[in-house]
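Here is a short briefing to read alongside the sequence and the 3D view. Take a moment to turn the structure around, then follow the topics below.

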Amino acid sequence: MPRTVLAFIFLAAVLVGEPSAARACSCAAPVSPEAALERASAAFSGQVTKIVRPLFDRLGLTDSGEHEVKFLVIRTWKGMVGPEVVVRTRLTGEACGYPFVLGRAYLVFVREILPGIETGICTGT
């Protein structure tokens, strides 16, 4: 084999590398509501009115695992939250997301991640 082909194969192997193992989410410790409120960008209680997978995930182009969860806000505890809010999360705790269920009410602690806001099991939700 020519050296350029071998060099290309070696470079490709180095750049791709070995796939890393998936890791489960691990929070240091459960968060108290007081600590969660202090750390959050915003906090509210609200009822889940809609759960949507991102367009590229629905089309099969990506598999981010993220979902957009829409809430009807019942009460705002902190931050600027309108009457409805959309929060990004993964729907499994293993991925550090929160397993929201349509129609249920939650106390949600969020952090700003541009663009938008997100939550998960490590936020105290």
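In this predicted model, the largest pocket has a lining of 14 residues. Nearest its centre lie Cys96, Arg111, Glu118, Thr119 and Gly120. Two of those names, Arg111 and Glu118, come back below as partners in a salt bridge.

**The largest pocket**

- The space in the largest pocket comes to about 150 Å³.
- Which strand gives the most residues to the lining? Strand S3, made of residues 84-90, does so, with 3 residues.
- The lining is a mixture of residue kinds: 5 are charged, 5 are polar and 4 are nonpolar.

**A pair at the pocket's centre**

- Glutamate 118 and arginine 111 form a salt bridge, and their closest N and O atoms are 2.7 Å apart.
- Is glutamate 118 buried or exposed? Its relative accessibility is 17%, and because buried means under 20%, glutamate 118 counts as buried.
- Its partner, arginine 111, counts as partly exposed, because its relative accessibility of 43% falls between the 20% and 50% cut-offs.
- Glutamate 118 also lets us look across the chain: its C-alpha atom is separated by 9.9 Å from that of serine 41, although the two residues are 77 apart along the chain.
- Serine 41 belongs to the loop that runs between helix H2 (33-39) and strand S1 (42-52), and at 30% relative accessibility it counts as partly exposed.

**Salt bridges between strands S2 and S3**

- How many salt bridges does a search of the whole structure find? The search finds 4.
- One of them joins arginine 90 to glutamate 66, with 3.9 Å between the closest N and O atoms. This pair links distant parts of the chain, since glutamate 66 sits in strand S2 (residues 66-78) and arginine 90 in strand S3, 24 residues apart.
- Another joins lysine 70 to glutamate 84, where the closest N and O atoms are 3.5 Å apart. Here too the partners come from distant parts of the chain: lysine 70 is in strand S2 and glutamate 84 in strand S3, 14 residues apart.
- Relative accessible areas are 30% for arginine 90, 29% for lysine 70 and 46% for glutamate 84. Arginine 90 is partly exposed, as are lysine 70 and glutamate 84.
- Salt bridges can also join up into a network, and here one links Glu66, Arg88 and Arg90.

**A nonpolar patch on the surface**

- Which residues make the nonpolar surface patch? Leu55, Phe56, Leu59 and Leu61 make it, and the patch covers about 440 Å².
- Leucine 55 lies in helix H3, which spans residues 55-58.
- With a relative accessible area of 47%, leucine 55 is partly exposed. A patch residue needs over 30% relative accessible area, so leucine 55, at 47%, passes that cut-off.

**The overall layout**

- The protein has 3 helices and 5 strands.
- Starting at the N terminus, you will meet the elements in the order α-α-β-α-β-β-β-β.
- Of its 125 residues, 25% count as buried. Glutamate 118, from the pocket, is one that counts as buried.

Definitions and conventions:
Residues are numbered from 1 along each chain as its sequence is written. This is a predicted model: local features need pLDDT of at least 70, side-chain atom pairs count only at pLDDT 80 or more; totals for chains, interfaces and linings use all residues. Side-chain values use heavy atoms; hydrogens and water are left out. On a 1 Å grid over the protein atoms alone, a cavity is a set of points where a 1.4 Å probe fits but cannot get out, and a pocket is an open set with protein on both sides within 12 Å along at least five of seven lines; lining residues have an atom within 4 Å of a point. Grid points are joined across faces, edges and corners, and a volume is the space filled by probe spheres set on the points. Helices (H or I, at least four residues) and strands (E, at least two) are DSSP runs, numbered from the N terminus. Ala, Val, Leu, Ile, Met, Phe, Trp, Tyr, Cys and Pro count as nonpolar, Asp, Glu, Lys and Arg as charged, and the others, Gly among them, as polar. Patches are made of residues with over 30% relative accessible area and no salt bridge: like charges are joined within 9 Å, nonpolar side chains (Val, Leu, Ile, Met, Phe, Trp, Tyr) within 5 Å. Accessible areas come from the Shrake-Rupley method with a 1.4 Å probe; for residues, only the protein chains shown count as cover. A salt bridge is a side-chain nitrogen of Lys or Arg within 4 Å of a carboxyl oxygen of Asp or Glu. Buried means under 20% relative accessible area, exposed over 50%, partly exposed in between (1.4 Å probe, protein chains only).
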